[in-house]
Amino acid sequence: MPKKTLLLNALLPALFCLAFVGCHHGPPPMPLDQLNPQQAHGHQIFQTYCAQCHDDRDDDSLHAPALLGVFKKPYLHSGAPATDEHVTSIIEQGYGMMPPVRNIDPQDIPDLLAYLHTL
Ligand code: HEC
């Protein structure tokens, strides 16, 4: 096979992807109308307790890192693994510039985490 064809086959999809999709993003978040009841409840919790500082569905940073794709990456910014346990401790104890989130019902945290997993 001529080298040129091979190159084109490999390069064109990559270029297409860069030009039209912006490949530094992972897959898009699950559409809101596809959330199950637990995830939908988590979305409400997010709006109440997190949205004033964090973006969830895009990454136009407000005051804090966007949580888009937070569980799709292996590590958080801190270098800690992106696990339910670490995110729960960030919520309850705060982290760096982030104050602990007061008033959140611990029973709501699993729903909130379920929502964050859809991002
Ligand atoms: C008052 C603003 C504020 C609120 C409210 C807030 N955060 Fe944060 N959060 C921050 C800031 C600022 C950082 C970055 C801290 C740093 O790097 O020093 C952060 C960092 C994080 C991180 C680590 C991100 C990473 O990749 O390392 C997670 C996860 C997180 N917040 C989750 C939440 C969740 C979930 C809620 C709602 C329950 C929430 N935050 C509410 C300001 C906030």
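User: Where does Leu76 lie?
Analyst: In this predicted model, Leu76 belongs to the loop that links helix 2 (37–49) with helix 3. Helices here are DSSP runs of H or I with at least four residues, strands are runs of E with at least two, and both are numbered from the N terminus.

User: Is Leu76 buried or exposed?
Analyst: Leu76 is buried, because its relative accessible area is 15%. Buried means under 20% relative accessible area, exposed means over 50%, and partly exposed is in between, with a 1.4 Å probe and protein chains only.

User: How far are the C-alpha atoms of Leu76 and Val87 from each other?
Analyst: Their separation is 8.9 Å, and the two residues are eleven residues apart along the chain.

User: Before going on, how are residues numbered, and which pLDDT limits apply?
Analyst: Numbering starts from 1 along each chain as its sequence is written, and side-chain values use heavy atoms, with hydrogens and water left out. As the model is predicted, local features need pLDDT of at least 70 and side-chain atom pairs count only at pLDDT 80 or more, whereas totals for chains, interfaces and linings use all residues.

User: Now the fold. How many helices and strands does the chain have?
Analyst: The chain has four helices and zero strands. Read from the N terminus, the order of elements is α-α-α-α. Of its 119 residues, 33% count as buried.

User: On to the ligand. Which residues are closest?
Analyst: The closest are Cys50, Cys53, His54, His77 and Met98, out of 21 residues that surround the ligand. A residue is near a molecule or strand if one of its heavy atoms lies within 4 Å of it.

User: Which polar contacts does the ligand have, and at what distances?
Analyst: An N or O atom in the side chain of His54 is 2.7 Å from a nitrogen atom of the ligand. Backbone N or O atoms also take part: one of His77 lies 2.8 Å from a ligand oxygen, and one of Met97 lies 2.8 Å from an oxygen atom of the ligand. A polar contact is a pair of N or O atoms within 3.5 Å; within protein, one must be able to donate a hydrogen and the other to accept it, and residues adjacent in sequence count only if both atoms are side-chain atoms.

User: What about the rest of the shell: how many nonpolar, polar and charged residues?
Analyst: The shell divides into 16 nonpolar, five polar and no charged residues. Ala, Val, Leu, Ile, Met, Phe, Trp, Tyr, Cys and Pro count as nonpolar, Asp, Glu, Lys and Arg as charged, and the others, Gly among them, as polar. Helix 3 (84–93) and helix 4 (109–116) each supply at least two residues of this shell.

User: Cys50 and Cys53 caught my eye. How many disulfides are there?
Analyst: The structure holds zero disulfides, a disulfide being a pair of cysteine sulfur atoms within 2.5 Å. Cys50 is buried, with a relative accessible area of 13%, whereas Cys53 is partly exposed at 32%.

User: Different topic: where is Asn36, and what does its side chain reach?
Analyst: Asn36 is in the loop between helix 1 (3–20) and helix 2. Its side chain reaches the backbone nitrogen of Gln39 at 2.8 Å, and a polar atom of that side chain lies 3.0 Å from the backbone nitrogen of Gln38. Asn36 counts as partly exposed because its relative accessible area is 33%.

User: How far is Asn36 from Tyr115?
Analyst: The C-alpha atoms of Asn36 and Tyr115 are 9.2 Å apart in space, and the residues are 79 residues apart in sequence.

User: And Pro28, buried or exposed?
Analyst: Pro28 counts as exposed, because its relative accessibility is 64%. Pro28 is also in the loop between helix 1 and helix 2. From Pro28 to Gly69, the C-alpha separation is 8.2 Å, across 41 residues along the chain.

User: What is the phi of Asn103?
Analyst: Asn103 has a positive phi of about 75°, although it is not a glycine. Asn103 lies in the loop between helix 3 and helix 4 and is exposed, at 71% relative accessibility.

User: Last one: which backbone oxygen does the side chain of Thr48 lie 2.9 Å from?
Analyst: A polar atom of the Thr48 side chain lies 2.9 Å from the backbone oxygen of Gln44. Thr48 itself is found in helix 2.
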